[in-house]
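Q: I'd like to learn how to read aromatic ring pairs in a protein model. Can you walk me through it?

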Amino acid sequence: MEQPVQTETWKARSLEELVRILHQIFAEDKVSVDEVQALMESYESNPEEWLQYAKFDQYRYTRNLVDNGNGKFNLMILCWGEGHGSSIHDHTDSHCFMKILQGNLKETLFEWPEKKGNGEMTKKSERALRENQCAYINDSIGLHRVENISHTEPAVSLHLYSPPFNSCNTFDQRTGHKHKVTMTFYSQFGERTVC
Amino acid sequence: LPAGLSQWFPALEVLDVSGTGLTEMGTELLSLPCLHTLLAKNNRLGGPGSLPKGLGQAPLARSLRVLNLSGNRFSEVPPALLQLRGLRSLSLGGNRLHGIPPDIQELQSLEFLYLGGNFITAIPPELGNLPSLRYLVLCDNKIQSIPPQLAQLHSLRSLSLHNNLLTYLPREILNLVHLDELSLRGNPLVVRFVRDLTYNPPSLQELAGRTIKTRNVPYTPSDLPESLVRYLSLASNCPNPKCGGVYFDSCVRQIKFVDFCGKYRLPLMHYLCSPECSSPFSSASQSSTSQSESDSEDEASVAAHRMQKVLLG
């Protein structure tokens with residue numbers, strides 16, 4: 001993605017409108033990261049609009065596909081029960097936007113481990129993401145772990161990945177060793193995916 | 001809770017009084033015969049009277065399935081709670097618990113237990129007596145060790161232990177056949193090979209007991225005093241597959257590393273019957289890599305089969 005000559009300032013007034021504008025933006029050859037991030041952040045979370053996608057699982061966080069962007073991007077909603085968290089992972093050379101729809105998520109950034117990683121991975125920074133905030137990451141920025149550290153509140157986040165990907169690497173924090181994993185959808189377009 | 005609640009809503013099945021500043025829930029609860037879900041998180045419960053007296057005799061004791069008391073001020077699990085025999089899901093996350101009462105085993109129907117975000121330092125072995133438990137959350141506490149009896153939770157699918165003070169796990173954890181997910185990050189897990197060198201030599205009684213067991217010397221309860229019959233029944237098998245011996249009280253604690261799925265190396269605590277009972281390479285090798293490779297090959301293949309997703313970090 002590169003900066004186009006003109007950057008629009010969008011305001012998405014509903015989830016439907018957000019999806020529509022995303023299709024418009026991604027129809028172009030060049031897309032601006034800042035533009036997408038601002039658009040995602042402009043949408044004020046309204047649970048009525050996304051409740052149908054927010055399917056929680058008792059044991060771990062879920063990925064629920066909302067829109068497959070004509071192959072240009074994947075838009076999905078992730079549901080995090082109390083204490084649920086991800087492993088440290090990369091983003092397979094794609095762009096990742098993460099917007100909080102409900103609750104709070106903690107994002108911890110890590111440096112890429114050395115070639116033959118054999119030591120504790122280096123934490124770069126951590127932050128608490130608030131409702132409606134939108135974070136961005138790609139492989140050149142680093143790796144991250146995302147967690148719902150609340151013991152009382154579930155959390156819901158909206159993710160956009162471009163280009164779409166269904167596998168990535170997870171990393172062992174103590175050793176830096178990586179392992180390829182395939183990700184699946186708990187539900188697609190509001191329908192539970194049968195495994 | 002408002003007085004007359006059970007008169008106005010006798011058929012109440014779900015009651016959510018979360019975030020209302022409640023300091024106690026009184027006798028109004030006792031007359032709700034259909035209540036199966038009670039959500040009372042983020043309140044000020046925790047003092048005496050948080051739960052009403054006579055809870056064990058109320059219809060609630062059999063009807064209640066889900067109880068969420070997370071985000072309150074409980075410093076101990078209220079004994080009245082343990083009388084809710086029908087309880088399937090219990091959350092006490094984000095309270096001020098310092099321990100778990102052994103009587104937790106009374107909740108025989110429990111499938112989901114969330115105790116994350118407290119100040120728990122130890123886990124009673126009785127927690128292993130919950131045959132239906134599928135999801136156990138103990139993250140963000142101050143737990144230093146896991147009792148081997150937790151391996152009796154044969155329905156356990158997910159175990160959350162991250163952010164505690166664990167240095168190793170009991171090797172029995174490998175027996176949890178259905179365990180899909182195990183989170184261990186944020187624990188000071190031992191990463192180097194450790195051997196406990198303080199070995200107390202076995203007593204004469206122990207040596208005699210070992211001989212009887214390993215040589216299958218026959219005996220009947222009438223041959224021995226009752227105390228010795230009981231003693232002989234407590235023999236533990238040395239986990240070293242090449243040994244086949246037993247031990248009673250005198251054992252060597254040793255930490256071995258087991259590879260899971262070729263990625264993670266977990267330190268598991270083994271109790272061996274003698275210092276000689278470790279790997280052929282034990283004295284020679286100082287390198288933890290070769291040690292664990294030779295010792296734990298059998299264990300590693302077993303473990304890889306049984307634990308597919310280890311969320312270590």
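What follows is a short chat about aromatic rings in this model.

A: Sure, bookkeeping comes before the rings. This is a predicted model, so local features need pLDDT of at least 70 and side-chain atom pairs count only at pLDDT 80 or more, while totals for chains, interfaces and linings use all residues. Residues are numbered from 1 along each chain, chains are lettered from A in the order written, and side-chain values use heavy atoms, without hydrogens and water.

Q: What describes a pair of aromatic rings?

A: The distance of the centres and the angle of the planes. Rings of Phe, Tyr and Trp (its six-membered ring) pair if their centres lie within 6.5 Å; planes under 30 degrees apart are stacked, over 60 edge-to-face, the rest tilted. Over all chains, that gives eight aromatic pairs.

Q: Why does the pair Tyr61(A) and Trp80(A) count as stacked?

A: Their centres are 4.5 Å apart and their planes sit at 20°, so the pair is stacked. Trp80(A) belongs to strand E2 (strands being DSSP runs of at least two E residues, numbered from the N terminus).

Q: Are these two rings buried or exposed?

A: Buried means under 20% relative accessible area, exposed over 50%, and partly exposed in between (1.4 Å probe, protein chains only). Tyr61(A) is buried at 17%, and Trp80(A) is buried at 1%.

Q: How does the pair Trp112(A) and Phe171(A) look?

A: Edge-to-face: the centres are 5.6 Å apart and the planes are at 90°. Trp112(A) is partly exposed at 36%, whereas Phe171(A) is buried at 2%.

Q: Which residues form one aromatic cluster?

A: Tyr59(A), Phe112(B) and Tyr135(B).

Terms used: Helices (H or I, at least four residues) and strands (E, at least two) are DSSP runs, numbered from the N terminus.
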